[in-house]
Amino acid sequence: MVVKVYGPIKAACPQRVLACLLEKEVEFQIVDVDLEAGDHKKPDFLLRQPFGQVPAIEDGDFKLFESRAIIRYYAAKYEKQGTNLLGNSLEERAMVDQWLEVEAHNFNDLVYTLVFQLLVLPRMGKQGDTALVLSCQQKLEKVLDIYEQRLSTTAYLAGDSFTLADLSHLPALRYLVDDVGMWHMVSQRKHVNAWWETISNRVAWKKLMKLANY
Amino acid sequence: MESVNAGQSRRHFQMATPVKVHGPPLSTAVSRVLACLIEKDVQLQLIPVNMSKGEHKSPDFLKIQPFGQVPAFQDESTSQFESRAICRYVCEKYAEKGNKGLYGSNPLAKASIDQWLEAEGQSFNPPSSVLVFQLAFAPRMKMKQDQSLINQNHDKLAKVLEVYEKRLGESRFLAGDEFSLADLSHLPNTHYLVNATDRGELFTSKKNVGRWWAEISSRDSWKKVVDMQKHSS
């Protein structure tokens with residue numbers, strides 16, 4: 001059964017799901033959702049995702065939304081195939097969930113705000129809020145300092161292996177490094193930089209970049 | 001998987017050492033973990049962190065929570081932070097204790113719970129946290145309120161609760177027929193909004209959300225947490 005992923009391939013949250021499915025060697029079909037046309041707010045789509053956000057998945061009769069819920073489900077369902085993304089014990093899993101939550105609550109919003117102010121608003125012909133951008137940058141520097149500390153003790157966020165915790169950061173990190181001109185935040189931090197180089201060179205991520213025509 | 005089962009049968013014969021929760025019970029994130037531990041019937045020891053004295057930013061505390069936030073959690077095999085991660089771990093580790101279905105008893109149930117736990121974290125928590133801080137905490141801390149921020153987030157939360165109203169008309173609890181971690185995760189912020197601000201109406205004026213709130217907030221576990229909050233300094 002092919003997993004249908006609803007959402008544009010160039011949006012961060014669908015990419016989180018696609019990266020996971022590629023790591024787990026699970027076949028998928030992308031069903032595009034035209035965000036500029038407002039398709040995600042139309043009644044049909046709201047039946048799939050009542051908050052009007054991407055992605056949503058459909059796997060036979062099974063439907064799910066929220067990218068971090070979707071990746072947890074598939075990482076567990078296909079535990080025995082592809083890359084192990086959940087660690088090898090309850091304690092390792094605890095670290096995976098911990099850093100997944102850090103990504104969701106301490107990292108993601110800051111990058112999202114930067115992307116919105118520096119990329120999305122100008123595209124719409126509007127001015128970004130420079131004070132807000134500066135404030136986000138400063139907060140993100142502090143967060144990345146903590147990541148630098150962590151990654152100086154472990155190769156990956158949750159331990160010695162690549163897991164969902166690292167994967168979850170890939171889409172936003174790519175925006176930070178490639179699209180909003182803040183690669184220095186990564187490159188100036190030795191361990192964060194090494195980590196970014198390693199995870200962004202994974203076969204699955206490179207496959208996704210190719211599929212998305214970057 | 002074999003080693004986990006062997007570990008579980010060993011645990012039945014061990015004396016339980018209380019797990020440690022660092023942080024004030026008045027903190028929404030701390031109370032999320034307390035509610036989960038009580039639901040799971042896990043003995044806990046609350047370790048105070050005096051935030052008004054900046055203890056959460058002390059070098060010692062930063063060792064167990066490098067972002068300087070509460071709670072931090074420790075048991076005999078792990079040290080962990082992020083309340084929703086702690087809750088998931090507690091449910092897996094103590095699977096056979098207390099409310100066994102709290103994090104689902106099969107993968108599909110768990111997926112639905114994770115979906116609504118994420119919805120809580122991504123859509124419900126941001127606007128409700130702002131309102132809790134602005135309306136319940138800022139006055140107590142003698143801080144100036146930001147009316148425009150309050151209005152923006154009130155509107156955001158109202159829209160989110162419209163989605164909940166529809167969902168809770170189709171399902172008794174958010175993830176399905178049983179109370180789960182997904183519902184539990186909403187208790188801390190909603191409790192303040194309903195009991196310590198004038199925005200309780202956002203919940204109580206809606207038929208399904210109102211019914212759901214009355215049901216989840218009357219659980220023994222939550223009543224115990226509220227009690228802990230009342231008795232903390």
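A salt bridge here is a side-chain nitrogen of Lys or Arg within 4 Å of a carboxyl oxygen of Asp or Glu. With that in hand, here are some close-ups of this predicted model.

**View 1. Two salt bridges link chain A and chain B.** One of the two contacts to look for is the pair B:R88 and A:E101, whose side chains come together at 2.8 Å, N to O. Beyond salt bridges, eight residue pairs make polar contact across the interface of chain A and chain B, with both residues at pLDDT 80 or more.

**View 2. The chain A side of the interface draws on strand 4, helix 3 (67–77), helix 4 (90–123) and helix 5 (130–151), each giving two or more residues.** Helix 4 of chain A is the top contributor, with 13 residues. Sorted by class, this side of chain A offers 16 nonpolar, eight charged and five polar residues.

**View 3. Stepping back, 29 residues of chain A touch 31 residues of chain B.** Together, chain A and chain B bury about 2,700 Å², and carbon and sulfur atoms account for 64% of that area.

**View 4. Chain A carries an open sheet of four strands in the order 2-1-3-4.** Pairing within this sheet is mixed. At its edges lie strand 2 (28–31) and strand 4 (62–65) of chain A, each paired on one side only. From one strand to the next, the twist averages 20°.

**View 5. Strand 1 (residues 3–6) and strand 2 of chain A run parallel.** Four bridges connect strand 1 to strand 2. A handy landmark is A:V5, which sits opposite A:I30 of strand 2 in chain A.

Methods:
Residues numbered from 1 in each chain as written. Chains lettered and ligands numbered in written order. Predicted model: local features only at pLDDT ≥ 70, side-chain atom pairs only at ≥ 80, totals over all residues. Heavy atoms only, no water. Pairing = 2+ DSSP bridges. Axes fitted to C-alpha atoms, helices over the stretch in contact; angles between N-to-C directions. Contact = heavy atoms within 4.5 Å. Buried area = accessible area lost by both parts, 1.4 Å probe. Polar contact = N/O pair within 3.5 Å; in protein donor to acceptor, adjacent residues only side chain to side chain. Nonpolar A, V, L, I, M, F, W, Y, C, P; charged D, E, K, R; others polar.
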